[in-house]
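Visitor: Before we discuss terms, may I see the sequence and the structure? I should then like to ask what justifies each label.

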Amino acid sequence: MPIALDASAQGAANSTSLTYSHTCTGNNLILFVGVGADAGSDVITGITYNTVSLTRINFVASGGAANRSAYLYYLLAPGTGANNVVISRSPLGDIHGESISFTDAQQSGVPDASGTNSGSGTNTYITSVTTVADNCWMVSKNT
């Protein structure tokens, strides 16, 4: 079976913690959580789904007037059903979380490639990523 979209969810808070529900269904699942925070430094201290910790793929901070940071995390074989995504940060500030899950995803060797990029003064970012496996999907998070 090809990779297919399972579900998506989002939440936002001005706090040290954000909790929202995401429902995973299907087989061979992978869950991605992208986070935007109002800090030009590393402020996210962890993300869990159904109390299981996610693995960080990348983090990018943009300084200057934007003063934002973006994160991308993943979890293989997340629990099915409606469960909480919990994003923690220190110190208190804005947290914007978006989660997306896919069915029939590879259950090892993930991610097979990753990359980061940042810019200033425009909303255009160009990043090259060379994937290893055929028929890959790409997931990104901007600030």
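**Labels and their grounds**

Guide: The relative accessible area of N83 is 13%, and N83 is classed as buried. The model is a predicted one.

Visitor: Why is N83 called buried?

Guide: Buried requires a relative accessible area under 20%. N83 has 13%, so the label buried applies. The residue is placed in strand β7, which covers residues 81–103.

Visitor: What makes the pairing of N83 and Y49 a polar contact?

Guide: The limit for such a pair of N or O atoms is 3.5 Å. The side chains of N83 and Y49 are joined at 3.3 Å, so the distance is within that limit. Leaving aside neighbours within four places in sequence, N83 also has contacts that include Y20, S21, H22 and N50.

Visitor: What makes the link between R89 and D38 a salt bridge?

Guide: The nitrogen of Lys or Arg must be within 4 Å of a carboxyl oxygen of Asp or Glu. For R89 and D38 the closest N and O atoms are 2.7 Å apart, so the pair qualifies. Because R89 belongs to strand β7 and D38 to the loop between β2 and β3, the bridge ties together parts that are 51 residues apart in sequence.

Visitor: Which of the labels buried, partly exposed and exposed applies to R89, and which to D38?

Guide: The value for R89 is 4%, which is under 20%, so R89 is buried. The value for D38 is 27%; partly exposed lies between the limits of 20% and 50%, so D38 is partly exposed.

Visitor: How do you know that D42 and R56 form a salt bridge?

Guide: Their closest N and O atoms are 3.1 Å apart, and the limit is 4 Å, so D42 and R56 meet the criterion. D42 is in the loop between β2 and β3 and R56 is in strand β5 (residues 55–62), 14 residues apart. At 42%, D42 is above 20% and not over 50%, so D42 is partly exposed. The 32% of R56 also falls between those limits, so R56 is partly exposed. The count of salt bridges comes to two.

Visitor: Why is the pair of F32 and F102 called edge-to-face?

Guide: Two aromatic pairs are counted. In the one formed by F32 and F102, the rings are 6.2 Å centre to centre, with 75° between the planes. Centres must lie within 6.5 Å, and planes over 60 degrees apart count as edge-to-face; the label therefore follows. With F32 in strand β2 and F102 in strand β7, the pair ties together parts that are 70 residues apart in sequence. Both F32 and F102 are buried.

Visitor: Which residues have the most contacts inside the largest nonpolar core?

Guide: That core has 20 residues, and those with the most contacts inside it are V33, V35, I44, I47, L54 and I87. Strands β1 (4–24), β2 (30–37), β3 (44–49), β6 (68–76) and β7 each supply at least two of its residues. The largest share, four residues, comes from β2. Apart from this core lies another, of eight residues, among them I30, F32, I57 and V110.

Visitor: How many helices and strands does the protein chain have?

Guide: The protein chain has zero helices and seven strands. Of its 143 residues, 33% count as buried.

Methods
Residues numbered from 1 in each chain as written. Predicted model: local features only at pLDDT ≥ 70, side-chain atom pairs only at ≥ 80, totals over all residues. Heavy atoms only, no water. Buried < 20%, exposed > 50% of the residue type's maximum accessible area, 1.4 Å probe, protein only. Polar contact = N/O pair within 3.5 Å; in protein donor to acceptor, adjacent residues only side chain to side chain. Contact = heavy atoms within 4.5 Å. Core = buried A, V, L, I, M, F, W, Y, C linked by side-chain atoms within 4.5 Å. Salt bridge = Lys/Arg side-chain N within 4 Å of Asp/Glu carboxyl O. Phe/Tyr/Trp six-rings, centres within 6.5 Å; stacked < 30°, edge-to-face > 60°.
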